[in-house]
Structure formats: C-alpha cells, structure tokens
Amino acid sequence: LFGVFGEMLGNGTVKTDAPIDVAVPSGDFAAPMAVWYAREMGLPIANIIVCCNENGGVWNLLHKGEIRTDATVVSTDTPLCDRHAPSGLEYLISASLGIGVVKSFLQTCEKGGTWYLEPNQQQMLRRGIETCVVSKTKMESTVLNLYKTINQIINSWNSITKFTFNIIIKL
C-alpha cells in the first residue's frame with residue numbers, strides 16, 4: 001500500500017495533504033485490515049470502503065449493529081464476497097473494540113446465530129469505515145431510482161459518476 005501510494009504521489013494522482021478513500025472487497029478481511037493498519041501507521045486514508053455483495057454481512061454489522069454468522073450464503077457474480085461473516089473480521093473487532101468483544105464474536109461464530117453490537121461499539125467499529133453493496137441488482141435499482149427521482153440519468157459523465165458513487169456508498 002505504501003508503494004502504491006508512493007507511485008500515485010509521484011505521478012500527481014494524490015497529494016500528501018489530501019486523504020484518500022480506499023475501496024476493498026469484503027469476502028476475506030485481509031485487504032480491509034491491511035488498509036486499516038496502513039492508516040494507523042500514517043498513510044493518509046480517510047475512509048475504508050468495504051464492498052459487499054447481496055450477502056452483505058459486514059454491511060449489516062456496520063449499519064444495523066448485527067451480523068448473522070450462520071446465514072445462508074447466496075452465490076453471486078462476485079464469489080470472493082460470497083460470505084456472510086468474512087474470515088478475518090475478528091481482527092477489526094479486536095483492534096477496534098478489544099479482546100473481550102472479539103471472544104464474544106468468535107463464540108457466536110462457533111455456535112452460529114446472530115451477534116449484536118451495542119450502539120457505542122457500533123460507532124467505534126464504524127470509525128473511518130464505510131460499506132457499500134455492489135451487485136447487479138443493486139446497481140440496476142440505483143439507476144432506476146435515480147431516473148425516477150431526478151428525471152435524468154446523465155447530466156455529465158463526472159457528475160453522474162460521483163453522484164452514483166455517493167449514492168451507492170450511502171445505501
């Protein structure tokens with residue numbers, strides 16, 4: 001990550017005084033945690049955007065404060081994210097909330113069921129982490145809803161790209 005950031009800095013894509021957002025898939029939590037640790041080490045990262053598919057366990061955890069550890073997983077076009085509780089999620093829980101909380105999460109994973117966060121824990125876990133759901137059906141729905149609400153889909157390429165991206169992140 002530091003090497004990629006150095007290359008982007010060298011070619012003018014990023015600046016040291018302007019933090020960047022980084023999007024990563026959620027199936028295996030190694031990538032989100034690598035970005036999380038890089039931010040902790042000083043890389044100027046504003047938000048870590050964890051991309052989920054229809055299985056969306058991480059989305060549920062961050063937005064609803066719960067995750068079903070034994071949910072039925074739906075096969076999708078994004079098989080790397082075809083997990084409800086991604087492997088390695090316990091590292092984020094441990095780093096953000098402590099060892100006692102991660103023990104509770106792992107016990108729920110072992111026996112199956114729904115694991116719940118308290119509101120203050122959910123807020124701490126979400127610090128600097130966003131989620132978005134990336135799927136064919138979600139994108140089709142987003143575009144249709146954009147058309148229904150603003151009666152146009154394309155104003156200019158840059159504005160629609162940013163607008164659609166912001167809507168997907170906020171869902």
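**W36 and its partner**

I started with W36 in this predicted model. I looked up its relative accessible area and got 11%, so W36 is buried, the cut-off being under 20%. Then I checked Y37, which comes out at 38% and therefore counts as partly exposed.

I also looked at how the rings of these two sit. W36 and Y37 make an aromatic pair with 5.2 Å between the centres and 85° between the planes, which is edge-to-face.

**The other aromatic pair**

How many aromatic pairs does the structure hold? I found two. The pair still to describe is F105 with W115, again edge-to-face, at 5.0 Å centre to centre and 70° between the planes. This pair links distant parts of the chain: F105 belongs to helix α5 (residues 99-111), W115 to strand β4 (residues 114-116), and they are ten residues apart.

Are these rings buried or exposed? F105 has a relative accessibility of 1%, so I wrote it down as buried. W115 has 3%, so W115 is buried as well.

**α2 against α4**

Back to W36, to see what its helix packs on. Helix α2 (residues 30-40) lies against helix α4 (residues 89-97), with the axes 9 Å apart and an angle of about 30°. Under 35 degrees counts as roughly parallel, so that is what I call α2 and α4.

Which residues make this contact? From α2 I noted M33, W36 and Y37, and from α4 they meet Y91, L92, A95 and S96. Sorted by class, the contact has six nonpolar residues, one polar and no charged ones.

A note to self from the textbook: nonpolar side chains tend to be buried together in soluble globular proteins.

**The nonpolar core**

Next I looked up the largest nonpolar core, which has 31 residues. The members that touch the most other members are I48, L89, L92, I93, W115 and L125. Seven names turned up when I asked which elements give two or more residues to this core: β1 (20-25), α2, β2 (45-52), α3 (57-64), α4, α5 and β5 (129-133).

I picked L92 for a closer look. Setting aside residues up to four places away in sequence, L92 touches F29, M33, W36, L97, L125 and I129. So W36, my starting point, shows up here too.

**L125**

L125 was on the list of well-connected core members, so I followed it. L125 sits in helix α6. Its relative accessible area is 1%, which means L125 is buried.

What does L125 touch, apart from neighbours within four places in sequence? I listed L61, L62, L92, I93, S96, L97 and L117. I took one C-alpha to C-alpha distance as well: L125 and I93 are 6.9 Å apart in space, though 32 residues apart in sequence.

**α3, the enclosed helix**

L61 and L62 took me to α3. Why is α3 largely enclosed by the rest of the structure? Six of its eight residues are buried, so little of α3 is left over. The buried ones are G57, V58, W59, N60, L61 and L62. They pack against β2, β3 (66-68), α4, β4, α6 (119-126) and β5.

I looked at α6 in more detail. The axes of α3 and α6 are 8 Å apart, at an angle of about 120°. That makes α3 oblique to α6. In the contact, L61, L62, H63 and K64 of α3 meet Q122, L125 and R126 of α6. By class I got three nonpolar, two polar and two charged residues.

Just after α3 comes G65, and its phi is positive, near 80°.

**D17, away from the core**

I wanted an exposed residue too, and chose D17. D17 lies in the loop between α1 (2-10) and β1. Its relative accessibility is 65%, over the 50% cut-off, so D17 counts as exposed. In space D17 is 7.7 Å from P44, C-alpha to C-alpha, while 27 residues separate them in sequence.

**The whole chain**

Last, I zoomed out. The protein chain has eight helices and five strands. Along the sequence they follow the pattern α-β-α-β-α-β-α-α-β-α-β-α-α. Of the 171 residues in the chain, 38% are buried. I also checked the contacts with a separation of 6 or more: 68% of them join residues 24 or more positions apart.

Terms used. Residues are numbered from 1 along each chain as its sequence is written. Side-chain values use heavy atoms; hydrogens and water are left out. Rings of Phe, Tyr and Trp (its six-membered ring) pair if their centres lie within 6.5 Å; planes under 30 degrees apart count as stacked, over 60 as edge-to-face and the rest as tilted. Buried means under 20% relative accessible area, exposed over 50%, partly exposed in between (1.4 Å probe, protein chains only). Helices (H or I, at least four residues) and strands (E, at least two) are DSSP runs, numbered from the N terminus. Axes are lines fitted to C-alpha atoms, for helices over the stretch in contact, and angles run from 0 to 180 degrees between N-to-C directions. Angles under 35 degrees count as roughly parallel, over 145 as roughly antiparallel, 65 to 115 as roughly perpendicular and the rest as oblique. Contact means heavy atoms within 4.5 Å. Ala, Val, Leu, Ile, Met, Phe, Trp, Tyr, Cys and Pro count as nonpolar, Asp, Glu, Lys and Arg as charged, and the others, Gly among them, as polar. A nonpolar core is a set of buried Ala, Val, Leu, Ile, Met, Phe, Trp, Tyr and Cys residues joined through side-chain atoms within 4.5 Å.
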